[in-house]
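Q: Could you take me through one part of this model closely, with the cut-offs spelled out as you go? I would like a connected account.

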Amino acid sequence: MACFTVPLAEAVIVSAAKKVAKKAHCSETTLDFIDKKVGWLEKMLYGGSALLAVEHLYHGEISIFPPFLTALNTPEEIPVMLHEMATSGVAMALLTTAVWGIIVGVSSAFERSKKQLPASDGGR
């Protein structure tokens with residue numbers, strides 16, 4: 001019903017935090033991390049939310065007319081919607097953030113290992 005709104009809310013918060021962090025006086029390395037790697041999280045969250053919204057639209061769980069979420073049409077469905085947001089939505093947001101953390105960790109490990117390798121002597 002509305003599980004996609006939780007990762008979408010996280011994406012909006014990440015975007016706002018990214019904008020604030022970029023205005024702060026940060027080092028070049030920090031700005032690179034914010035631009036590149038936090039950007040990955042933004043894309044993952046916005047993309048996943050968009051795909052879920054399309055899927056919910058296809059199944060008739062949301063509409064393009066107010067109140068947009070079909071669960072808001074009847075008061076009996078609101079607790080069900082909130083429960084889905086609290087379980088599925090939060091789980092998806094946490095899993096996406098955890099996967100992003102793993103990707104950032106692996107990426108950082110590769111970057112560190114590239115810096116530690118001795119300079120190549122032309123392939124000999």
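A: Happy to: what follows is a close look at helix H3 and its contact with helix H1.

This is a predicted model, in which local features need pLDDT of at least 70, side-chain atom pairs count only at pLDDT 80 or more, and totals for chains, interfaces and linings use all residues. Residues are numbered from 1 along each chain as its sequence is written, and side-chain values use heavy atoms, with hydrogens and water left out.

Let's start with length. Helices here are DSSP runs (H or I, at least four residues), numbered from the N terminus. H3 covers residues 78-116, and its 39 residues should span 57 Å at 1.5 Å a residue; the end C-alpha atoms are 55 Å apart, which agrees. The expected span is 1.5 Å times one less than the number of residues. H3 also has a kink of about 30°, centred on Met85; the bend is the angle between axes fitted to the seven residues ending at a residue and the seven starting there.

Next, what is covered up? Buried means under 20% relative accessible area, exposed over 50%, and partly exposed in between (1.4 Å probe, protein chains only). In H3 the buried residues are Met81, Glu84, Gly89, Ala93, Trp100, Val104, Ser107 and Ser108. They pack against helix H1 (5-23) and helix H2 (28-58), where contact means heavy atoms within 4.5 Å.

At the start of H3's range, Ile78 counts as partly exposed because its relative accessibility is 28%. Apart from neighbours within four places in sequence, Ile78 is in contact with Ala71 and Leu72. Its C-alpha atom is separated by 15 Å from that of Val6, 72 residues apart along the chain.

Now for the partner helix. The axes of H1 and H3 come within 7 Å and cross at roughly 45°; axes are lines fitted to C-alpha atoms, for helices over the stretch in contact, with angles from 0 to 180 degrees between N-to-C directions. The two helices are therefore oblique to each other: under 35 degrees counts as roughly parallel, over 145 as roughly antiparallel, 65 to 115 as roughly perpendicular and the rest as oblique.

On the H1 side, Thr5, Val6, Pro7 and Glu10 meet Met85, Gly89, Val90, Met92, Ala93 and Thr97 of H3. By class, this contact has six nonpolar, three polar and one charged residues (Ala, Val, Leu, Ile, Met, Phe, Trp, Tyr, Cys and Pro count as nonpolar, Asp, Glu, Lys and Arg as charged, and the others, Gly among them, as polar).
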